[in-house]
Amino acid sequence: RSQLNRIPGFNGREAIKASFVLLMTRCRIYFLHLGSAKARSLSGSRVAASQAAIEDLAELCGRSGIRLILFEAPTNPAVPLYLTPEDDRKYHEFTRSVASRFGLKILDFEHSIPTGEWGMSLNVPDPLHLGRKGHRRLADLMCAALDRNGV
């Protein structure tokens, strides 16, 4: 390695590789119009396990006298979250049924953050991460909602 370290650029090979991977990712986005996030269908064992975990948590909180409040997380209007309208319906139907069965409130922030307050990832709208203004807006909305609900 000491011999190889004398070769120009050898020590920077990790940065060169990272730069190349970023270039390829950007080419995929630009030429193929394939972003880093894809809408997915709600199905399979991972969804079933997540739903069972929420139901178990709600039941445990109820037995333990812990006040559980659900919230609909914000979604980026520029990035579709659900693959189909049926996926959207199934998700909301599940959350409403859990809230109804366990007497829980749902704080709805799903459509509360405008497109311009979300982050960007590789020059495309980020489906998960808010920008600074989006974080501030969500914090304000959550604090106000919790105050209204006596928390």
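How many residues does helix H2 have, and how far does H2 reach from its first C-alpha to its last?

**Entry 1: helix H2.** I am working with a predicted model. I looked up H2 and found that it covers residues 45-64, which makes 20 residues. From first C-alpha to last, H2 reaches 28 Å. That is close to the 28 Å expected at 1.5 Å a residue. Next I checked what follows H2, and it is Gly65. The phi of Gly65 is positive, near 75°.

**Entry 2: the cores.** Which residues make up the largest nonpolar core? I listed eight: Ala58, Cys61, Leu68, Leu70, Phe94, Val98, Ala99 and Leu104. H2 and helix H3 (85-102) each supply at least two residues of this core. The largest share, three residues, comes from H3. I also noted another core, lying apart from this one. That other core has seven residues, including Leu107, Phe109, Leu130 and Ala145.

**Entry 3: Val98.** What does Val98 touch, leaving out residues up to four places away in sequence? I found Ile54, Glu55, Ala58, Leu70 and Leu104. Of these, Ala58, Leu70 and Leu104 belong to the largest nonpolar core, as does Val98.

**Entry 4: aromatic rings.** I found two aromatic pairs in the structure. I looked up the rings of Tyr82 and Tyr91, whose centres are 5.8 Å apart. Why is this pair called tilted? The planes meet at 35°, and tilted covers angles that are neither under 30 degrees nor over 60.

Then I checked accessibility. Tyr82 has a relative accessible area of 15%, so it is buried, the cut-off being under 20%. Tyr91 is at 25% relative accessibility, so it counts as partly exposed.

Definitions and conventions
Residues numbered from 1 in each chain as written. Predicted model: local features only at pLDDT ≥ 70, side-chain atom pairs only at ≥ 80, totals over all residues. Heavy atoms only, no water. Helix = DSSP H or I, 4+ residues; strand = E, 2+ residues; numbered from the N terminus. Expected span 1.5 Å × (residues − 1). Core = buried A, V, L, I, M, F, W, Y, C linked by side-chain atoms within 4.5 Å. Buried < 20%, exposed > 50% of the residue type's maximum accessible area, 1.4 Å probe, protein only. Contact = heavy atoms within 4.5 Å. Phe/Tyr/Trp six-rings, centres within 6.5 Å; stacked < 30°, edge-to-face > 60°.
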